[in-house]
Amino acid sequence: MEFYSTNDTTLRVNLKEAVLNSLPKDRGLYMPESILPLSEEFWHKFKEMSFPEIGYEVSRQLLKGSVEDTELRQMTAKALSFDAPVRSLGDGMHVLELFHGPTLAFKDFGARFMAQIMSYLNREEDKPLTILVATSGDTGGAVAAGFYKTPNIQVFILYPKGRVSPLQEKQLTTLGENITAFEVDGSFDDCQAMVKQAFLDEELSTTFQLTSANSINITRLVPQSFYYFRAMQQLAMEGKKIVMCIPSGNFGNLTAGLLAKNLGLPIHHFIAATNINDIVPSYLHSGKYEPRASAATISNAMDVGNPSNFARMKDLFGSSWEEMKGWISGYAFDDKETMGAIKEVYEKYNYTIDPHGAVGYLAAKTYQQDHPDEEVVILGTAHPSKFPGPVEEATGAAVEIPERLARLAELPKEAHAIGTAFEAFKSMLMKMAK
Ligand SMILES: *Cc1c(COP(=O)(O)O)cnc(C)c1O
């Protein structure tokens, strides 16, 4: 399988290039050159398949020939060490819970799979791969947990001192082993500037095999298509139209759903749910794509003003607005409506939903007014305990932090305290290389 750039389909690279150099020179995004429907044989076995088996078959189709079968089977098993259960609320609504991984959000799926693939692609190199990331909180946690103890890989994470939540900091600084944290006395932008400079630094680039783990990497999308299959398998509602409702920011999750559809999964329709950063719902309505600066909301993982995966969505619909709006309905809601939805879901269905899921719930409910006979699966992108402020305010009840995360609070923090001077950071890295 080769991968092309959405800006120039003649620009083609292999998996290694697409993964380790995730941004094509022409600033497009990589896509698999062909996405063919899965075989009859797959569908015969589908009902009985385990989650890792689904992952194996789906990734084999999307990465065809790029990874040896036995290796791929092991990697998907390692990546899918937790499930994605469906919880039915009633009234034709279901929540696909994607927050049973180490950092309680769906990004754990992408990070874990990407770690496995990167380790595999680097297996014959004599230098380990060095992942360098700046984080304002969540991404770094998912990357740290996903790459923890992965062979041939070391991870350097920079985070701004005092500007990530205490629990997020613990996620970055308590693992040890191949994960090294740098606590920067500065802002997130300072962290990002240092990372950018490191990538441009010749001495560092020859000493380390540097790569980033950013969200546009194609190997983060691939595993996100697995759980659409898992959802369908659990619902097993013959004769029912199943609609997927995706609370969205950068639209990676929705794009992964489109990949699943193109692989032959019988998804009837998609719902793009956003907060007031409604660039895509507006586009679906007007045909005009108008990115703008993002506005802050309580569903902050969706505060995106220029969704990076829009290029992939457009590509999958042959740049046709009519095609896209035939498949996707878009709705947007503000924070007040979101708070009301958290309360409503809690009171009506006795279910605690996080602010991102609540935006999805509102979109699902709106869609169902015109499509009462269709079943809607809302992607539960994060555990409610990640957003205790709004959730507790809306429900009036305490949210419990899952045991595995609460335990982290007890562990000692280990981080290198540094300033924002690049040279000092660099000399520290150079010493570590020896
Ligand atoms: C990242 C994230 C989203 C947005 O997902 P995209 O793939 O960027 O659209 C939604 N909810 C939560 C909790 C997230 O962490």
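Here are some notes on this predicted model, point by point.

1. Ground rules. This is a predicted model, in which local features need pLDDT of at least 70 and side-chain atom pairs count only at pLDDT 80 or more, while totals for chains, interfaces and linings use all residues. Residues are numbered from 1 along each chain as its sequence is written, and side-chain values use heavy atoms, with hydrogens and water left out.

2. Strand S10. Start with S10, residues 242-247 (helices, H or I with at least four residues, and strands, E with at least two, are DSSP runs numbered from the N terminus). Six of its six residues are buried, so S10 is largely enclosed by the rest of the structure. Buried here means under 20% relative accessible area, exposed means over 50%, and partly exposed is in between (1.4 Å probe, protein chains only). Neither face of S10 is left open: one side carries Ile242, Met244 and Ile246, the other Val243, Cys245 and Pro247, all buried.

3. Partners of S10. Two strands count as paired if DSSP finds at least two bridges between them. S10 runs parallel to S13 (residues 375-380), joined by four bridges, and Cys245 stands opposite Ile378 there. With S11 (residues 269-274) the pairing is also parallel, over five bridges, and Ile246 has Ala272 as its bridge partner. Getting from S10 to S11, the chain passes through helix H11 (residues 252-262), and this β-α-β crossover is right-handed. In other words, with the strands pointing away from the viewer, the path from the first strand over the helix to the second runs clockwise.

4. Thr381. This residue sits in the loop between S13 and helix H17 (388-395). Thr381 is buried, at a relative accessible area of 6%. Leaving out residues up to four places away in sequence, Thr381 touches Leu104, Ala105, Phe106, Pro247, Asn253, Asp354 and His356 (contact means heavy atoms within 4.5 Å). Pro247, one of those contacts, belongs to the buried set of S10.

5. Leu104 and Asn350. Most residues other than glycine have a negative phi. Leu104, in the loop between strand S5 (93-97) and H5, has a positive phi of about 65°. Asn350, in the loop between helix H15 (335-349) and helix H16 (355-370), has a positive phi too, near 55°. Their surroundings contrast: Leu104 is buried at 0% relative accessibility, whereas Asn350 is exposed at 64%.

6. The cavity. Searching the whole structure turns up one cavity of 30 Å³ or more, and the largest cavity holds about 40 Å³. The search uses a 1 Å grid over the protein atoms alone: a cavity is a set of points where a 1.4 Å probe fits but cannot get out, a pocket is an open set with protein on both sides within 12 Å along at least five of seven lines, and lining residues have an atom within 4 Å of a point. Grid points are joined across faces, edges and corners, and a volume is the space filled by probe spheres set on the points. The lining includes Val95, Phe99, Tyr351, Asp354 and Gly380. By class, the cavity lining has six nonpolar, two polar and one charged residues. For the classes, Ala, Val, Leu, Ile, Met, Phe, Trp, Tyr, Cys and Pro are nonpolar, Asp, Glu, Lys and Arg are charged, and the others, Gly among them, are polar.

7. The second largest pocket. This one has about 280 Å³ of space. Its lining has 16 residues, and Met232, Ala236, Met237, Glu238 and Pro266 are the closest to the centre. The lining splits into nine nonpolar, three polar and four charged residues. Helix H10 (residues 218-235) gives the most, with three residues.

8. Two helices. In H10, 17 of the 18 residues are buried, so this helix is largely enclosed by the rest of the structure. Just after H10, Ala236 takes a positive phi of about 40°. In helix H12 (residues 279-286), the buried residues are Ile279, Val280, Pro281, Tyr283 and Leu284, and they pack against S11, helix H13 (310-316), helix H14 (321-327) and strand S12 (328-332). Gly287, just after H12, has a positive phi of about 85°.
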